[in-house]
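User: Please take a close look at one part of this structure, a helix together with what lies around it. I would like a connected account that I can follow residue by residue.

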Amino acid sequence: TCAQELPPSGLFDRLDENHDSTLSKEEFSHGWKVIVQQFPNASWLPANKGGFWKGFTAGVSMIIATEIGDKTFFIAAVMSMRQERSAVFVGAVLSLYVMTVLSSIMGLILPAMIPVKYTHILGGILFLYFGFKLINDSRSMDANAVSEELEEVEEELLHPKKDEESGQTAPANPLKTGFAEVVLQSFSLTFLAEWGDRSQIATIALAAAKNPYGVTLGGCIGHTLCTGLAVLGGRMLAARISEKTVSMGGGFIFLVFGIHSVFFES
């Protein structure tokens, strides 16, 4: 059914605490929970999902936990070794901003199909799965081994491959030189690597369970920090910090998100 044409009876009197027939910002803020209760299906209301800053904090933390040591991180790190860093950074962060907005839109639409109560539970289960998976994977990793994703990215971007027909060798993704070309290559490689990645799925789940605007801004800032770190010294960082440590730390952060979503927000 459509929204009520008239406000619920007595709602204004409940919000007008000093009964001066005027609703102040403070009274509106205090009565927000009362307003939300009148619209149980209005899952689009941001404060109905925990507030902007909770979504913002969760977005920043989640991105840092998933992106450091991820394939998109290494793409920026390896490309910046041979190309103009500013161009690599611009292309990568623009791609990640677009992906974050798209993911948040998906998360914003999800509660329209599934009640908010269940999006908290589903999101929590998803975070718990990622957490256990990362921790379990880290147990079989060598503490001093170089990341497999780093080796894969370097193989694609730096090491030449032989063409069976022509007999010539060329990188699978030859590095560009012009600023615009580098931005475009960085954008496209990052976008393709990020699509379907665990950080995208986690962003969708967060936006569905928390304030989507906070999650979007937090995710963009998290991506900016991680990409900046990758461009400035990602290759050196990867050589000093093992994939095992990164996976273990990310796994524990996901577990915290999962436990909080399932037991404290549902």
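Analyst: What follows is a close reading of helix H10 and of the elements beside it.

This is a predicted model, in which local features need pLDDT of at least 70, side-chain atom pairs count only at pLDDT 80 or more, and totals for chains, interfaces and linings use all residues. Residues are numbered from 1 along each chain as its sequence is written, and side-chain values use heavy atoms, with hydrogens and water left out.

Helices here are DSSP runs of H or I with at least four residues, numbered from the N terminus. H10 spans residues 198-209, and its 12 residues reach 16 Å from the first C-alpha to the last, close to the 16 Å expected at 1.5 Å a residue, where the expected span is 1.5 Å times one less than the number of residues. Because 10 of its 12 residues are buried, H10 is largely enclosed by the rest of the structure; buried means under 20% relative accessible area, exposed over 50%, and partly exposed in between, with a 1.4 Å probe and protein chains only. The buried residues are Ser199, Gln200, Ala202, Thr203, Ile204, Ala205, Leu206, Ala207, Ala208 and Ala209.

Within H10, Ala205 is a useful residue to follow. Its relative accessibility is 8%, so Ala205 counts as buried. Setting aside residues up to four places away in sequence, Ala205 touches Gly123, Leu126 and Phe127, a contact being heavy atoms within 4.5 Å. Ala205 and Leu110 stand 95 residues apart in sequence, yet their C-alpha atoms are 8.9 Å apart in space.

Helix H7 covers residues 116-139 and holds Lys133 and Asp137, which are separated by about one helical turn because they lie four residues apart. These two form a salt bridge whose closest N and O atoms are 3.1 Å apart, the criterion being a side-chain nitrogen of Lys or Arg within 4 Å of a carboxyl oxygen of Asp or Glu. A search of the whole structure finds one salt bridge. Lys133 is partly exposed at 40% relative accessible area, and Asp137 is partly exposed as well, at 28%.

On the other side in sequence, the loop between helix H9 (179-194) and H10 carries Trp195. With 47% relative accessibility, Trp195 counts as partly exposed, and together with Val98, Val101, Leu102, Ile105, Met106, Ile109 and Met113 it makes a nonpolar surface patch of about 720 Å². Such patches are made of residues with over 30% relative accessible area and no salt bridge, nonpolar side chains (Val, Leu, Ile, Met, Phe, Trp, Tyr) being joined within 5 Å and like charges within 9 Å; the areas come from the Shrake-Rupley method with a 1.4 Å probe, and for residues only the protein chains shown count as cover.

In H9 itself sits Thr190, which is buried with a relative accessible area of 1%. Beyond its neighbours up to four places away in sequence, Thr190 touches Thr72, Ile75, Ala92, Ser95 and Leu96.

Helix H11 (residues 212-240) contains Gly214, which counts as buried at 0% relative accessibility. Apart from neighbours within four places in sequence, Gly214 is in contact with Phe52, Gly55 and Phe56, and its C-alpha atom is separated by 7.2 Å from that of Gly59, 155 residues away along the chain. As for cysteines, Cys220 is buried at 14% relative accessible area and Cys226 is buried at 5%, while the structure holds zero disulfides, a disulfide being a pair of cysteine sulfur atoms within 2.5 Å.

Terms used:
Helices (H or I, at least four residues) and strands (E, at least two) are DSSP runs, numbered from the N terminus.
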